[in-house]
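Reader: Before I rely on the labels attached to this model, I would like to see each one set against its definition. Could you take me through them?

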Amino acid sequence: MILGLKLFLLAAIAGLALGITNMVTAGPIAQQAILAAEAARTAVLPVASSFTEAEAPVGLQDAYAGFDASGAYVGATGTILTKGYGGEIEITVGIDKDGVLTGVSVGGSSFSETAGLGARAKEPWFMEQYIGKSAPIALKKDGGEIDAITSATITSRAVTKAVDSAVQLLKGLTLPTEG
């Protein structure tokens with residue numbers, strides 16, 4: 001009886017502590033996610049000085065129109081999720097107003113590709129090879145121009161297909177009415 005009461009009190013105190021910790025950290029965690037998304041948009045479409053949220057086409061998590069300092073449309077960004085070898089991969093892409101890739105950011109909070117293999121998809125050399133390309137985009141072994149990561153074909157193919165899909169979806173983006 002006393003042991004059960006002690007266990008109950010211990011569990012109640014631990015639960016209360018976890019609840020308080022969650023309340024205290026939820027806001028800062030959400031703010032960090034917003035800042036990370038803004039940084040990814042800026043990285044993949046560096047000519048834009050401001051972004052306006054647009055209606056994301058089916059298949060994209062979000063879409064933003066990018067505008068320069070004078071308010072002229074310069075391109076768009078979008079985030080797409082795909083399944084790699086180790087799990088979900090979040091990819092943010094940027095295209096200019098002609099549909100040419102200006103940048104790719106691979107990662108996300110739940111990125112769990114194999115260290116030293118699929119995790120190399122986050123390395124600059126891999127992401128930079130997409131810049132300047134237009135859809136259709138494919139790996140060299142699939143008739144395209146993108147080099148796969150050695151021993152990480154599943155991840156390479158997943159990222160490349162997702163980038164291609166995102167570019168095609170962003171090309172048809174309906175622009176927001178204000179910049």
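Reader: Why is R120 called partly exposed?

Author: The relative accessible area of R120 is 27%, and buried means under 20%, exposed over 50% and partly exposed in between, with a 1.4 Å probe and protein chains only, so R120 is partly exposed. This is a predicted model, in which local features need pLDDT of at least 70 and side-chain atom pairs count only at pLDDT 80 or more, whereas totals for chains, interfaces and linings use all residues. Residues are numbered from 1 along each chain as its sequence is written, and side-chain values use heavy atoms, with hydrogens and water left out.

Reader: What makes the pair of R120 and E123 a salt bridge?

Author: A salt bridge is a side-chain nitrogen of Lys or Arg within 4 Å of a carboxyl oxygen of Asp or Glu, and the closest N and O atoms of R120 and E123 are 3.4 Å apart, so the pair qualifies. E123 counts as partly exposed at 28% relative accessibility. The structure holds 4 salt bridges.

Reader: How do you know that E145 and K133 form a salt bridge, and where do the two residues lie?

Author: Their closest N and O atoms are 3.5 Å apart, which is within the 4 Å of the definition. E145 and K133 both lie in the loop between helix 2 and helix 3, 12 residues apart. E145 is exposed, because its relative accessible area is 52%, while K133, at 22%, counts as partly exposed.

Reader: What makes D147 and K140 a salt bridge, and are these residues exposed or partly exposed?

Author: The closest N and O atoms of D147 and K140 are 3.0 Å apart, again within the cut-off of 4 Å. D147 has 33% relative accessibility and counts as partly exposed, and K140, at 48%, is partly exposed too.

Reader: What is notable about the backbone at P136 and at S151?

Author: The peptide bond from A135 to P136 is cis, with omega near 5°, and S151 has a phi near 65°, a positive value in a residue other than glycine. Most residues other than glycine have a negative phi, and most peptide bonds are trans. P136 lies in the loop between helix 2 (124-128) and helix 3, and S151 lies in that loop as well. With a relative accessible area of 59%, S151 is exposed.

Reader: Why are strand 1 and strand 5 called edge strands?

Author: The open sheet has 5 strands in the order 1-2-3-4-5, with antiparallel pairing. Strand 1 (50-54) and strand 5 (101-107) each have a single partner strand, so one side of each is left without a neighbour in the sheet. The twist averages 20° from one strand to the next.

Reader: How do you know that strand 2 and strand 3 are paired?

Author: Two strands pair if DSSP finds at least two bridges between them, and 6 bridges join strand 2 (residues 62-67) to strand 3 (residues 73-83), so the condition is met. F67 has Y73 in strand 3 as its bridge partner.

Reader: Why is L5 called exposed, and which residues share its nonpolar patch?

Author: L5 has a relative accessible area of 52%, so it is exposed. L5 lies in helix 1 (residues 2-44) and forms the surface patch with F8, L9 and I13, with about 450 Å² of accessible area together. Patches are made of residues with over 30% relative accessible area and no salt bridge, like charges being joined within 9 Å and nonpolar side chains (Val, Leu, Ile, Met, Phe, Trp, Tyr) within 5 Å; the areas come from the Shrake-Rupley method with a 1.4 Å probe, and for residues only the protein chains shown count as cover.

Conventions:
Helices (H or I, at least four residues) and strands (E, at least two) are DSSP runs, numbered from the N terminus. Axes are lines fitted to C-alpha atoms, for helices over the stretch in contact, and angles run from 0 to 180 degrees between N-to-C directions.
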